[in-house]
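Hi,

Here's the structure I said I'd pass on. Have a look at it first, then read my notes below.

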Amino acid sequence: MDATLLEYISMMLLIIGIILLIIEIFIPSFGIWGGLGIVATIAGIILFADTLVEGIIILLLVTCLLSIIIYFSVKWIAKKNKTLILKESLGEDNKIYDDLKFFIGKKGITTTALRPSGNADFDGVKLDVLSKGDFIKSGKQVEVVEIQGTKIIVKEYVNERIS
């Protein structure tokens, strides 16, 4: 095979490898693009280098070049399209959990034993609940006393009558 043709093939493999590695950053593919990029880059280095030392030097140069390209690509994409970074917090103060606060003070019946987790029915709405540390048998009446994020904390409801 002609030496110049081999050089062109190795340079194309290096360029294709770098492009595939950049594609892996922006298009998640479970490592398919990245794996192909690594294989193409290593194959290009093996074909291009005459000695082991030359191959290591080329690998270091390609790694530095790729790092610089990736750094500036991520900065550029982050400026243009702000979807790379999650801006919204999903903490306790998020509106997602406000609907569960409706259940505070509601009474329901356990459909499974709570050890301390299980299920309870609140007027036809079945929810996963946690007892406040106590074991509660199935079929007992419970009351929602607290909401912690997505956790619904209940305690056994005892109907206290004053005689």
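One bit of vocabulary to start: a residue is called buried under 20% relative accessible area, exposed over 50%, and partly exposed in between. Also keep in mind that this is a predicted model.

Let's try that out on Met12, which is in helix H1 (residues 3-26). Its relative accessibility is 47%, so Met12 counts as partly exposed. Met12 also belongs to a nonpolar patch on the surface, together with Ile15, Ile16 and Ile19. Between them, these residues have about 360 Å² of accessible area.

Next, the rings. How many aromatic pairs does a search of the whole structure find? It turns up three. One of them is Phe102 with Phe103, an edge-to-face pair with 5.3 Å from centre to centre and 80° between the planes. The two partners are a nice exercise in the vocabulary above. Phe102 counts as exposed because its relative accessibility is 55%, while Phe103, at 11%, counts as buried. Ring pairs also bring in Phe122, which forms a cluster with Phe102 and Phe103.

There's another ring to look at, in Tyr157: the charged end of Lys107 sits over it, 4.8 Å from the ring centre.

Last stop is helix H3, which covers residues 52-80, 29 residues in total. From first C-alpha to last, H3 reaches 41 Å, close to the 42 Å expected at 1.5 Å a residue. If you click along H3, you'll come across buried residues: Gly55, Ile58, Val62, Leu66 and Ser73.

Have fun with it!

Notes:
Residues are numbered from 1 along each chain as its sequence is written. This is a predicted model: local features need pLDDT of at least 70, side-chain atom pairs count only at pLDDT 80 or more; totals for chains, interfaces and linings use all residues. Side-chain values use heavy atoms; hydrogens and water are left out. Patches are made of residues with over 30% relative accessible area and no salt bridge: like charges are joined within 9 Å, nonpolar side chains (Val, Leu, Ile, Met, Phe, Trp, Tyr) within 5 Å. Accessible areas come from the Shrake-Rupley method with a 1.4 Å probe; for residues, only the protein chains shown count as cover. A salt bridge is a side-chain nitrogen of Lys or Arg within 4 Å of a carboxyl oxygen of Asp or Glu. Helices (H or I, at least four residues) and strands (E, at least two) are DSSP runs, numbered from the N terminus. Buried means under 20% relative accessible area, exposed over 50%, partly exposed in between (1.4 Å probe, protein chains only). Rings of Phe, Tyr and Trp (its six-membered ring) pair if their centres lie within 6.5 Å; planes under 30 degrees apart count as stacked, over 60 as edge-to-face and the rest as tilted. A charge sits over a ring if NZ of Lys or CZ of Arg is within 6 Å of the ring centre and within 35 degrees of the ring normal. The expected span of a helix is 1.5 Å times one less than its number of residues.
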